[in-house]
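Biologist: I have just opened this one and would like some help finding my way around. Could you take me through it, starting with how you use your terms?

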Amino acid sequence: MKLSVSGRAAAAAVVAATTLLATGSLAGAAPATPTVAAAPDIPVANVKAHLSQLQSIATANGGNRAHGRTGYRASLDYVKAKLDAAGFTTTIQQFTSSSRTGYNLIADWPGGDTTRVVMAGSHLDSVTAGPGINDNGSGSAAVLETALAVSRAGLQPTRHLRFAWWGAEELGMVGSRYYVNNLSSTNRSRISAYLNFDMIGSPNPGYFVYDDDPTIEQTFKTYFSGLGVPTEIETEGDGRSDHAPFKNVGIPVGGLFSGADYVKTSAQAAKWGGTAGQPFDRCYHSSCDTIANLNDTALDRNADALAYAVWTLSS
């Protein structure tokens, strides 16, 4: 369920007030300003429209969007075309893994202080077993729609905004590690936050927040508090997604996760709904990770939280 306009304004006040009191380590962190209230409600229908396109791409390319396969490159081309039309400066970064060519897609929004960069990213590849709509079409589509919302709003953030879609995550964060390893020490120091979104629409969802950088963590937690949605610290994927290469070189990181193959407990079902004793995503890394393998409410809430964090941390 989406928060009403008045409810979103209340949540904005909570986030702004809490951020003002935060003592986190976000590089160059400055007090939040009331402009965070302008963060948009990301239409879940738009996110799902991107996911339908990724499903169609997988279906037309052997049932997957894996590294080195035609479905991956078609997915990247779809995302790039949307960003180019919206006014982003896009760059394709090429690398090789397992004797196959892989690609990262980087999109920069014009303006903002390029010595203080806020990045949001997700891995665009699936496993070879299936189309990867929750893992990780969900994160990729939400990051894309947030970037398009930046364009629609004509956002002029204080910090520079950069979005990324990583290749070959399923082979061990290959694409994101390649990106980080090829940054100069100066350019690494300019990234003040990297936000990661890997599986945010799980069909039996939980609401998990990374506990890495305190300021980023608090931004997400207070946003969900404004919705009345309790969160837990993310542990299942710790170090297993694209935030890890950034964290390993000292870049502040954070993110959201709705669960993979861990089993939902009775206590978690009591506070989040869903089915205790079942995985958060029974189709994790399987052929059934299709467009039907999503929880719309989780996808909606997490996409809105993603946008809220982008607006807040870049202001």
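Modeller: Let me begin with a term: a residue is called buried when its relative accessible area is under 20%, exposed when that area is over 50%, and partly exposed in between. Please also keep in mind that this is a predicted model.

Biologist: Fine, then how many disulfides does the structure hold?

Modeller: The structure holds one disulfide, and the two residues it joins are Cys283 and Cys288, with an S to S distance of 2.1 Å.

Biologist: Is Cys288 buried or exposed, or partly exposed?

Modeller: Cys288 has a relative accessibility of 32%, so it counts as partly exposed, whereas its partner Cys283 is buried, with a relative accessible area of 1%.

Biologist: And what is the torsion about the S-S bond of Cys283 and Cys288?

Modeller: That torsion is about -115°, and the disulfide is therefore left-handed.

Biologist: Changing topic, how many salt bridges does a search of the whole structure find?

Modeller: The search finds nine salt bridges, and one of them pairs Asp296 with Lys48, whose closest N and O atoms are 3.0 Å apart. This pair links distant parts of the chain, since Asp296 belongs to helix α10 (residues 296-314) and Lys48 to helix α2 (residues 44-60), with their positions 248 residues apart.

Biologist: How accessible are those two?

Modeller: Asp296 is partly exposed, at a relative accessible area of 35%, and Lys48 is also partly exposed, at 25%.

Biologist: Which residue forms a salt bridge with Asp108?

Modeller: That is Arg162, and the closest N and O atoms of the pair are 2.7 Å apart. Here the link runs between strands, with Arg162 in strand β4 (residues 159-166) and Asp108 in strand β2 (residues 100-109), 54 residues apart.

Biologist: Are Arg162 and Asp108 buried or exposed?

Modeller: Arg162 is buried, with a relative accessible area of 17%, and Asp108 counts as buried as well, at 16% relative accessibility.

Biologist: What does Lys247 form a salt bridge with?

Modeller: Lys247 forms one with Asp212, and their closest N and O atoms are 2.6 Å apart. Because Lys247 lies in helix α8 (residues 243-248) while Asp212 sits in the loop between β6 (208-209) and α7 (214-227), the pair ties together parts that are 35 residues apart in sequence.

Biologist: And the accessibility of that pair?

Modeller: Lys247 counts as partly exposed at 41% relative accessibility, whereas Asp212, at 19%, falls under the 20% cut-off and therefore counts as buried.

How values were computed:
Residues numbered from 1 in each chain as written. Predicted model: local features only at pLDDT ≥ 70, side-chain atom pairs only at ≥ 80, totals over all residues. Heavy atoms only, no water. Salt bridge = Lys/Arg side-chain N within 4 Å of Asp/Glu carboxyl O. Helix = DSSP H or I, 4+ residues; strand = E, 2+ residues; numbered from the N terminus. Buried < 20%, exposed > 50% of the residue type's maximum accessible area, 1.4 Å probe, protein only. Disulfide = S-S within 2.5 Å.
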